[in-house]
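Grab a coffee and open the structure viewer. Below are some exercises, each with a worked solution to follow step by step.

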2 protein chains.
Amino acid sequence: MTQMSEARKGNITKEMLEVAEFEGRTPEFIREEIARGTLIIPANIHHIELGNFRPVGIGKAIKTKVNANIGTSTSWSGLEEELEKLEIALKFKSDTIMDLSTGGDLMGIRAAILKHCYRPLGTVPIYEAMHRVNNDPLALTKEILLDVIEDQAKQGVDYMTIHAGVLREHGPLLMDRIGGIVSRGGSIMFRWMTYHKKQNLLFEAFDEICEIFKAYDVSFSLGDSLRPGCLADASDEAQFAELKVLGDLTRQAWRHDVQVMVEGPGHVPFDQIKMNMELEDQLCDGAPFYVLGPLVTDIAPGYDHITSAIGGTMAAASGAAMLCYVTPKEHLGLPEVEDVKQGVIAMKIAAHAGDIANQLPGVRDRDDELSRHRHTLNWDKHFALAMDPEHCHAVRDHQSPDAEALCTMCEDFCSYMNFQKSKKDIESMEAIENDGHRITHKEL
Amino acid sequence: MTQMSEARKGNITKEMLEVAEFEGRTPEFIREEIARGTLIIPANIHHIELGNFRPVGIGKAIKTKVNANIGTSTSWSGLEEELEKLEIALKFKSDTIMDLSTGGDLMGIRAAILKHCYRPLGTVPIYEAMHRVNNDPLALTKEILLDVIEDQAKQGVDYMTIHAGVLREHGPLLMDRIGGIVSRGGSIMFRWMTYHKKQNLLFEAFDEICEIFKAYDVSFSLGDSLRPGCLADASDEAQFAELKVLGDLTRQAWRHDVQVMVEGPGHVPFDQIKMNMELEDQLCDGAPFYVLGPLVTDIAPGYDHITSAIGGTMAAASGAAMLCYVTPKEHLGLPEVEDVKQGVIAMKIAAHAGDIANQLPGVRDRDDELSRHRHTLNWDKHFALAMDPEHCHAVRDHQSPDAEALCTMCEDFCSYMNFQKSKKDIESMEAIENDGHRITHKEL
């Protein structure tokens, strides 16, 4: 069984109930969305069996989710550091985690992460397949890839990025790009295809992958190998040609009752983001869109958690279901623990701001409650509702160690204090006779 | 003479020429915009006389500008620190600076800042007026305020925030707000009005202020005393009632040939930002809109440089002319030097991303050039084009001290290396017969 097969049979699973409660929606609403493919609950039956698993729904109709990538690389790998990254990502409420390890004992690292990760875990199996062929992309075979996929499915991985959408036919569309291919997995698959002059073997083995996924209820994260790696390449023919294939693969997976989300860009100018979200919705029949940022400028390496939070907000406000975080380390090196924290916070801001823009019921309540405490100078309650209370206290204590009522910004000029004193005078004001200066935007 | 009076006479000033060159527009275009009031060049004749002044244009039709607020508070004031803040703000290309000092020797601090600030300097004169009455808002008089304004104009201040738009009639509109008034100057003016039961004295003295501004070519930054201080208060009747008054004051200033920009919010949900920009454009006849963020969520104190960069991008993409930075210290305390740096960079990202969205001619060239170097692994040229080259080098060197070609993120999995190897294979590919997977968004 998969969540999708159950939903289509009209059954509400334990996972659907939990998701419904968190989202403040009816279980029946969640079930319908899953049956239609517009919402997924990545929940490998073996991950659930590990105990302590807390399911997450990913779909356009519910709150926007955030993913944090962790994982080793060849020269920078230590299990302990990865577990620290996992811990801090979960602490700041990353909704899913991807283990993108490419160095060290991949199976062992994954097992340890799975044990501690109570949220859905995703992987990119082609990385482990590369390990099995000594990092030579030309030596990859269908058998090796299917073996790795099955091994990871058995282990309990909840969703996997499968680079099945890039086809041989797309090659010529890439020749004029500035950034070529920036997906690691995609570039490996592409190298194999162009050298062997054969079609993408993941595309050709797609039904077999679906059967494995169905057996463990692994969800697809359909990889966008041709996502733009710079603004100039955004929204080009290559990107959309692959997206069209991803739409076909989405429907193919659904025929197996396998859940699907679709991966998206990348680097996209701010004014093109909405169109990108709408196009995916159209070509992939509403399958959840899981985007990487997008980054809205290329000139800010070191600050790409910010450039991606900007694009991520617009994406969330335009229909994206999950935002992959981007850390300040992007383009510079492998993220470390503090980078993970900064990346998660920036993207959680984006997801939340997008949900507010979409006017999801109740989603602004926490903002309003925090603001009430902010404006009565109740620092403790104000900070308790903030995304990072410890940081707020540390920053404030640095300048105002005695926790006095006012802050070092305004002091005697505190607008709250002035306004409070004015309020009683307003209350006794005569009725307003001249309201010539009043206007609401409803009049426009 | 003012830039506006000259523009209206058909004269092109030295400052207009410099702005035209930086913006890549004709001097005549700049002159026309100034004559119409849709672009300003804040350039006090006495600041120009100090030498080394580099004029900046602020308007919807040209690149989005960024302002950095610096300045002391009562308990946290040192001239040296303020000059460091000024230096770092200018280093990271803040287009204007505001000195918001409320503590220490205000005249002396301002003189030192003016001497080193080669960009337009703005102030909020009501702060100095408060000093002259021992911080008692009830003791303010028209004479004191006009004296301060004239003193600062003589000193060379290029633009001043004048809180003339909040009226007695607006009082009752504020009673149900969560945040009340969050403008320091606005709350002082409001306290005076409600206590004395008199109309806003800056509103009543507006023609006299215009005459002073005209004599030195000081530009108005019409203060938005009633800007929302939290999402719940955004786009309410109070905010728009004041904005309507600011539109009237804009036209009143223009009759004196005095340049005007209008200040705007604040805290605004992402989906309301565009409407806010359009409303200002309509009510204020296209006068440049200078917004504070806006912040798109209230729950991220400590990270409000990010929440405001998100809103700032949407604002810039929807017509805002200048974005006031917000530092990570917002809501917690007075910004220090590192906060100033982080704030400027975040908002410069927003301004640039907005300009790209608006497809200003040539504005993406730097992104494209950087991306070319990024994708050929030319780290030095890549970083030289970044907003913060030193930071990029430091981050990279921390993990890859020997400056090898690859980065610790991908190493053997480098997509660039794989794609380069594939390219020659694509070039020799047979003609594509099946293009059933090709699609462009033009078809939609």
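## Exercise 1: the barrel of chain B

In this predicted model, Val291(B) has Leu323(B) as its bridge partner in β10(B).

**Task.** Work out which strands pair here, in which sense, and over how many bridges.

**Solution.** Start from the two strands: β9 covers residues 289-292 of chain B and β10 covers residues 322-324 of chain B. They are joined by three bridges, and the pairing is parallel. Now zoom out. Both strands belong to a closed barrel of eight strands, in the order β3-β4-β5-β6-β7-β8-β9-β10 (chain B), again with parallel pairing. From one strand to the next, the twist averages 25 degrees. Last, look at what sits on the sheet: helix α5 (residues 79-91) of chain B packs there and touches β3 (65-70) and β4 (96-99) of chain B. The direction of α5 makes about 170 degrees with that of β3(B).

## Exercise 2: over to chain A

**Task.** Find the order in which the strands of chain A close into a barrel, then name the bridge partner of Leu222(A) in β8(A).

**Solution.** Trace the strands around: eight of them close up as β3-β4-β5-β6-β7-β8-β9-β10 (chain A), with parallel pairing. The average twist from one strand to the next is 25 degrees. Next, pick out β7 (residues 219-222) and β8 (residues 260-264) of chain A, which run parallel and are held by three bridges. Within that pair, Leu222(A) is partnered by Val262(A).

## Exercise 3: two helices in one chain

**Task.** Decide whether α14(A) and α15(A) are roughly parallel or roughly antiparallel.

**Solution.** Take the angle to begin with: helix α14 (residues 304-317) of chain A packs against α15(A) at about 25 degrees, and the axes are 8 Å apart. Angles under 35 degrees count as roughly parallel, so α14(A) is roughly parallel to α15(A). The crossing of these two helices is right-handed. Then list who touches whom. On the α14(A) side, the contact includes His305(A), Ser308(A), Ala309(A) and Gly312(A). On the α15(A) side, Gln342(A), Gly343(A), Ala346(A) and Met347(A) are among the residues involved. Sorted by class, the contact of α14(A) with α15(A) has eight nonpolar residues, seven polar ones and no charged ones.

## Exercise 4: a helix pair across chains

**Task.** Describe how α15(A) and α14(B) cross, and say which residues make the contact.

**Solution.** First the geometry: α15 (residues 337-357) of chain A and α14 (residues 304-317) of chain B have axes that come within 10 Å and cross at roughly 45 degrees. That angle is why α15(A) and α14(B) are oblique to each other. Their crossing is right-handed. Next come the residues: α15(A) supplies Ala346(A), Ile349(A) and Ala350(A), while α14(B) supplies Ile306(B), Thr307(B) and Ile310(B). Counting by class gives five nonpolar residues, one polar and no charged ones for α15(A) with α14(B).

## Exercise 5: a left-handed or right-handed crossing?

**Task.** Give the handedness of the crossing of α7(A) and α9(A).

**Solution.** Locate α7 (residues 125-132) and α9 (residues 184-196) of chain A, whose axes come within 9 Å and cross at roughly 55 degrees. These two helices are therefore oblique to each other. Seen along the line of sight, the crossing of α7(A) and α9(A) is left-handed. Ile126(A), Tyr127(A) and Met130(A) of α7(A) meet Arg184(A), Gly185(A), Ile188(A) and Met189(A) of α9(A). That contact splits into five nonpolar residues, one polar and one charged.

## Exercise 6: backbone oddities

**Task.** Find which loops hold Pro294(A), Gly266(B) and Asp257(A).

**Solution.** Go one by one.

- Pro294(A) is in the loop between β9 (289-292) and α14 of chain A. A cis peptide bond links Gly293(A) to Pro294(A), with omega about -5 degrees.
- Gly266(B) lies in the loop between β8 (260-264) and α13 (273-283) of chain B. The peptide bond from Pro265(B) to Gly266(B) is cis too, with omega near 10 degrees.
- Asp257(A) is in the loop between α12 (237-254) and β8 of chain A. Asp257(A) is not a glycine, yet has a positive phi of about 60 degrees.

## Exercise 7: the domains of chain A

**Task.** Say how many residues of each domain of chain A are in contact.

**Solution.** Mark the bounds: domain 1 is 59-357 and domain 2 is 365-438. Their centres, taken over C-alpha atoms, are 42 Å apart. Eight residues of domain 1 are in contact with four residues of domain 2.

Note on methods:
Residues numbered from 1 in each chain as written. Chains lettered and ligands numbered in written order. Predicted model: local features only at pLDDT ≥ 70, side-chain atom pairs only at ≥ 80, totals over all residues. Heavy atoms only, no water. Axes fitted to C-alpha atoms, helices over the stretch in contact; angles between N-to-C directions. Helix = DSSP H or I, 4+ residues; strand = E, 2+ residues; numbered from the N terminus. Parallel < 35°, antiparallel > 145°, perpendicular 65-115°, else oblique. Left-handed = near helix turned anticlockwise from the far one by under 90°. Contact = heavy atoms within 4.5 Å. Nonpolar A, V, L, I, M, F, W, Y, C, P; charged D, E, K, R; others polar. Pairing = 2+ DSSP bridges. Domains from an automatic or database assignment.
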